Amino acid sequence: NPDKMDFIPRPEMLDFHGVAMTHYFTCNWENVQNFQARPDDILIATYPKAGTTWVSCILDLLYFGQSSPDRQTSTPIYERVPFLEIAVPSIDSGKDLADKLSTSPRLIKTHLPVQFIPKSFWEQNCRIVYVARNAKDNIVSYFHFDRMNMIQPEPGDWSNFFQRFIDGKMVFGSWYDHVNGWWKKKQTHSNLHYMFFEDLVEDTGREINKLCCFLGLSPSAEEKRRITGEVQFESMKKNEATNYSSVAFMDFKISPFMRKGKVGDWKNHFTVAQNEKFDEDYKKKMDSTLQFRTEI
Ligand code: A3P
């Protein structure tokens, strides 16, 4: 609905305790920080565009796929799995949606870097699933997302966006700080499952098995096969409850939310010079114990 989109201006970037953010994710800060988690809440944490929606759907199916199968097509994923810190005028805040969830467990999404997670999640020792995606595909996906999503700052052209990514001036901050910060947390926090987008593409069934192990679930082989089928890219792209087509501030004429779903699309965007510059910078910033695949 283009009329509705006109009311939501693209935000400016701001520095929030050393992390680049926009007011759509900081203006409800006190309420978000005071969020009361429950011990069985499950937090899905990611840097934007790392596979949040994919893993949200998998968890939703694992928990509710059998008891309420209609939910998969009747309720948009952003209502089933509220986005905790979002606060955009004229839609319910993520915090309010999360408070209103009547499911058990509650599945909650966040893009916050680890140091910003509301303390109640740690106090309640909630399970956390972190999904990470290789930097090169992550930036490409983020670029196309910022083009079509009117609640994100204007992305400018690709080379400008590329430089901003290297400088860490993206909404939710530096990709490097995000993935490294959560990786470090995993070393001391056993209730954190750290997974990779590339592994999901390579073998979704295997990754669902690992998730079940972490969550203490034991669905039948048939049920797991069904879930694996339902979360394939083409199925999620077709499903209006998972493809974000009902969101007023996203312009699908520019780019769809379910865009390609591939590993290695960066090769269609990076120039040779950009790739060299990126690799050099990457080596300086990365924790060498955290390894990504940029192709499979
Ligand atoms: P692309 O832009 O590279 O296509 P998020 O949910 O964190 O915003 O991530 C969105 C990215 O995950 C998009 O990447 C989207 O296409 C991809 N994605 C979502 N569901 C997927 C699926 N079932 N299989 C493969 N990729 C998927």
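Helices here are DSSP runs of H or I with at least four residues, strands are runs of E with at least two, and both are numbered from the N terminus. With that settled, I opened the notebook on this predicted model.

**Entry 1: Lysine 49**

I began with lysine 49, which sits in the loop between strand 3 and helix 3. Its phi is near 80 degrees, a positive value in a residue other than glycine. Is lysine 49 buried or exposed? I found a relative accessible area of 12%, and buried means under 20%, so lysine 49 counts as buried. I also looked for a ring beside this residue: lysine 49 lies over the face of phenylalanine 257, at 3.9 Å from the ring centre.

I noted a second charge over a ring while I was there. Arginine 133 lies over the face of phenylalanine 197, at 3.8 Å from the ring centre.

**Entry 2: The sheet**

Next I traced the sheet around strand 3. It is an open sheet of four strands in the order 4-3-5-6, and the pairing is parallel. Which strands stand at the edges? They are strand 4 (107–110) and strand 6 (192–196); each has a single partner strand, so one side of each is left without a neighbour in the sheet. From one strand to the next, the twist averages 20 degrees.

I then went through two of the pairings. Strand 3 (residues 42–46) pairs with strand 4 in the parallel sense over four bridges, and isoleucine 42 has leucine 107 as its bridge partner in strand 4. Strand 5 and strand 6 are also parallel, over five bridges. There, valine 131 stands opposite methionine 195 in strand 6.

Two helices caught my eye on this sheet. Helix 10 lies across strand 3, strand 5 (127–132) and strand 6, and runs at about 140 degrees to strand 6. Helix 12 (residues 204–215) touches strand 3, strand 5 and strand 6 as it packs on the sheet, and its direction makes about 175 degrees with that of strand 6.

**Entry 3: Strand 6**

Strand 6 is at an edge, so I checked how covered it is. Five of its five residues are buried. In a regular strand the side chains alternate between the two faces of the sheet. I looked for that here: Leu192, Tyr194 and Phe196 point one way from strand 6, while His193 and Met195 point the other way.

**Entry 4: The core**

Which residues touch the most other members of the largest nonpolar core? Among its 93 residues, they are Leu59 and Tyr194. Helix 3 (residues 52–64) gives the most to this core, with nine residues.

I listed the contacts of leucine 59, leaving out residues up to four places away in sequence. They are Ile42, Ile44, Leu107, Val129, Leu211 and Leu215. Ile42 and Leu107 on that list are the bridge partners from Entry 2.

**Entry 5: Rings and helix 9**

I counted 35 aromatic pairs. One of them joins phenylalanine 278 and tyrosine 282: the ring centres are 6.4 Å apart and the planes are at 25 degrees, so the pair is stacked. These two are four residues apart in helix 15 (residues 272–285), so about one helical turn separates them. Phenylalanine 278 is buried, at 1% relative accessible area.

Helix 15 came up again when I looked at helix 9 (residues 158–166). In helix 9, the residues Trp158, Phe161, Phe162, Arg164, Phe165 and Ile166 are buried. Their cover includes helix 8 (135–148), helix 10 (175–188) and helix 15. After helix 9 comes glycine 168, with a positive phi near 75 degrees.

**Entry 6: Loops**

I finished with three loop residues.

- Proline 11 lies between helix 1 (2–5) and strand 1 (14–16), and at 5% relative accessibility it counts as buried. Beyond its neighbours within four places in sequence, proline 11 contacts Thr22, His23, Tyr24, Met150, Ile151, Gln152 and Pro153. Its C-alpha atom is 8.1 Å from that of glutamate 154, although the two are 143 residues apart along the chain.
- Proline 105 is in the loop between helix 6 (94–100) and strand 4. The peptide bond leading to it from serine 104 is cis, with omega near 0 degrees.
- Tyrosine 244 is in the loop between helix 14 (233–238) and helix 15. Its phi is near 65 degrees, positive in a residue other than glycine, and tyrosine 244 is buried at 8% relative accessibility.

How values were computed. Residues are numbered from 1 along each chain as its sequence is written. This is a predicted model: local features need pLDDT of at least 70, side-chain atom pairs count only at pLDDT 80 or more; totals for chains, interfaces and linings use all residues. Side-chain values use heavy atoms; hydrogens and water are left out. A nonpolar core is a set of buried Ala, Val, Leu, Ile, Met, Phe, Trp, Tyr and Cys residues joined through side-chain atoms within 4.5 Å. Buried means under 20% relative accessible area, exposed over 50%, partly exposed in between (1.4 Å probe, protein chains only). Contact means heavy atoms within 4.5 Å. Rings of Phe, Tyr and Trp (its six-membered ring) pair if their centres lie within 6.5 Å; planes under 30 degrees apart count as stacked, over 60 as edge-to-face and the rest as tilted. A charge sits over a ring if NZ of Lys or CZ of Arg is within 6 Å of the ring centre and within 35 degrees of the ring normal. Two strands pair if DSSP finds at least two bridges between them. Axes are lines fitted to C-alpha atoms, for helices over the stretch in contact, and angles run from 0 to 180 degrees between N-to-C directions.
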